[in-house]
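Student: I am new to this structure and would like to be taken slowly through one part of it. Please begin with the part I ask about and then set it in its surroundings.

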Amino acid sequence: MSATVSPVPAAARLRRRTAGSWLRGITIGVVTLVFALPLVWMFAAAFKTNVQVTDPSVGLWFSPTLENFRNIVEAGQILRSMGNSLLVGVVSTVLSAVIAVPAAWAVGRFGMHRTGSLILVARIVPAISLLVPWYYLFAQMGLVGSYTVLILSQMFVSVPLIMWIMISFFAGLPVELEEAARTDGLSAFGAFRRIALPLAAPGTATASLLAFVFSWNNFMFALIFADDRTQTVPVTLFNFISYASTDWGGLMAAATLITVPVVLAAVLGQKYLVAGLTSGATKG
Amino acid sequence: MSTTEVSPARPAAASGGGPAPARRPRTFEQANRRLKWAMLTPALLFVGLMIVFPLVYTVDLSLTDAFGAVNAGKGYVGLQNFADALGDTRRFWPAARRTLVFTVGAVILETVLGLALAMLMRKPFRGMRWVRTVLIIPLLTTPVAIGILWLLILDPTNGIANHLLAGIGLPRQEFLGSVGQSLPTLMLIDVWQWTPMMTLLLLAGLTTLPEEPEEAARVDGANGWQRFRHIVLPMLGPTLATALVLRAVDALKTFDILYATKGAGGGSDFEVETLNVYAYGLTFDYQEYGLAAAVLVLFTLFIIGVVVLLRRRGGRKTA
């Protein structure tokens, strides 16, 4: 089963306001602030002048400036990198889903545990031990720096991730619907395409969204395989640290640009992302 | 998980001659057997070609003296690279120790804090949706951006962290600027980023638990701690074990944030160089492909060892 958090039936308990529940509310509030404030600080710093960024007594009240964003956009690389990240993320996710969703259906329907454990292996193995041989071969073929290699290497992560999530998702769908469709004369593939696939749309969306986010964030693969033309946002951000370590404002603006899409995804798709991140964990 | 294994085909239902109807009523599983393979093949090919093959190649490379240009020749040197790695007390063993310290420290803290937070958030409350949204943001944020953000906060001279410490009368800290404090600081950053993952995993596990045993214990007069210790915790065992394995595997492989904050080699004195960072440096900075492959083989065995250990432990506890 994919794990969705359902409200405990006794919603009436919410009303009971004891000292304990106040304490609980305050604790949850404080914890939430601990997780939120560092990011808020980063967003705020992106709108500060460089003098303000390095003065910790300037808190969250200041007159914001867009200068940092103007500077990094004018420098050129960041928008190009965002385009590259978008391209690599979308293509690798779509290709991975096309391969992984049907396979996950097959595994989920027939309980093929050996294939399932192959995916676990893919999750355990350190990515560099895949990258070293591939780098070795791609370098000999002169392919390092191409989008093809970036997309293929991202699929190391995306294919196992999507399969991992979708196997448990398909296993949670009632097989009877597909059997009924078969009885009504649908071909086996038809049952998959017309019954299972539409029902699995939320799962596919979740898995694809996560795969895209992990691609967007991936640093190591791009560090190895990208060149100046194809570099993605994390690498651009990393290069900012080395070359412009004093330009905190620009650094924070770049970090903000890369984080905003992720925050948007989190706010809009919270329920699905939580289900995807925790899927497969409650089976033991 | 559905365990409808492919049952042995009913004897030749479709192979009989005669005017068979176009579509014979066969069972769902039989009809789908060919389709199953058609659907699995692309993924299996991909996993085989892109993941299994490189692993085999890594093992092969670890037995060679591959070095320098990628199309330079290489000769087999037996287990020499493994001997070199295991005899290296300057880089390899310290890196192995740091990998273990980082993982054990961070994952223990994340488990304890994550479990506490999950218990706290177990009963629904107003604003739960927003709290969960805030919790998933650190997990999904680019690790390089997180590294940069903490570099600013923890900057020894201009950071807000030292400003706050001074405010409550504590001495200034060097954090990532010092050799001694770098690894502990990065562990705490890891705890900040990944405790929410533990919380969400355990929260998902908690919602699947039946309520009756706890109610029964409550009726019998067990207090909150006793119910947690003797009812909830044992029932949560399998989820806890899985969450530990997932988090430990990822923590062992931590790379981005270490590399982004401390650079190549894990700093001037290799102070945050873990096995992953070490293997990366060997390959891409020193072109020591053979030695790097040997380190990776050892590292992979190390990870598998941890997984097996945790699984066995988890299994025994819940048995």
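Student: Over residues 96-310 of chain B, what percentage of the chain is helix and what percentage is strand, and how many Å apart are the end C-alpha atoms?

Tutor: Please keep in mind that this is a predicted model. Over residues 96-310 of chain B, the chain is 75% helix and 0% strand, and the C-alpha atoms at the two ends of this stretch are 18 Å apart. The stretch comes from a record: an unreviewed UniProt entry carries the annotation "domain: ABC transmembrane type-1", and this annotation covers residues 96-310 of chain B.

The whole of chain B can be described in similar terms, since there are twelve helices and zero strands in it, and its elements, followed from the N terminus, run α-α-α-α-α-α-α-α-α-α-α-α. Of the 319 residues in chain B, 42% are buried. Among the contacts in chain B with a separation of 6 or more, 67% are between residues 24 or more positions apart.

Chain B also touches chain A, and to this contact chain A brings 90 residues and chain B brings 90 residues. On the side of chain A that touches chain B, helix α1 (residues 19-46) of chain A gives the most, with 13 residues. Sorted by class, that side of chain A has 66 nonpolar, 16 polar and eight charged residues.

One place where parts of both chains come together is around helix α14 (residues 270-278) of chain A, whose buried residues are A:Leu273, A:Val274, A:Ala275, A:Gly276, A:Leu277 and A:Thr278. The cover over these buried residues includes α7, α10 and α13 (248-268) of chain A, together with α4 (128-140) and α7 (179-207) of chain B.

Two of the covering helices from chain A can be followed further, for helix α7 (residues 147-171) of chain A packs with helix α10 (residues 201-217) of chain A at an angle of about 155°, their axes being 9 Å apart. Angles over 145 degrees count as roughly antiparallel, and therefore α7(A) and α10(A) are roughly antiparallel to each other. In passing α10(A), α7(A) makes a right-handed crossing. The residues that make this contact include A:Leu161, A:Ile165 and A:Phe169 of α7(A), and A:Ala207, A:Leu210 and A:Phe214 of α10(A). Divided by class, the residues of the contact of α7(A) with α10(A) are ten nonpolar, six polar and no charged.

Definitions and conventions:
Residues are numbered from 1 along each chain as its sequence is written. Chains are lettered from A and ligands numbered from 1 in the order in which they are written. This is a predicted model: local features need pLDDT of at least 70, side-chain atom pairs count only at pLDDT 80 or more; totals for chains, interfaces and linings use all residues. Two residues are in contact if their C-beta atoms, placed from the backbone, lie within 7 Å. Helices (H or I, at least four residues) and strands (E, at least two) are DSSP runs, numbered from the N terminus. Ala, Val, Leu, Ile, Met, Phe, Trp, Tyr, Cys and Pro count as nonpolar, Asp, Glu, Lys and Arg as charged, and the others, Gly among them, as polar. UniProt positions are given in the numbering used here, feature names are shortened, and annotations may be inferred rather than shown by experiment. Axes are lines fitted to C-alpha atoms, for helices over the stretch in contact, and angles run from 0 to 180 degrees between N-to-C directions. Angles under 35 degrees count as roughly parallel, over 145 as roughly antiparallel, 65 to 115 as roughly perpendicular and the rest as oblique. A crossing is left-handed if the near helix is turned anticlockwise from the far one by less than a right angle, and right-handed if clockwise. A residue is buried if 20 or more other C-beta atoms lie within 10 Å of its own, exposed if 12 or fewer, and partly exposed in between; C-beta atoms are placed from the backbone.
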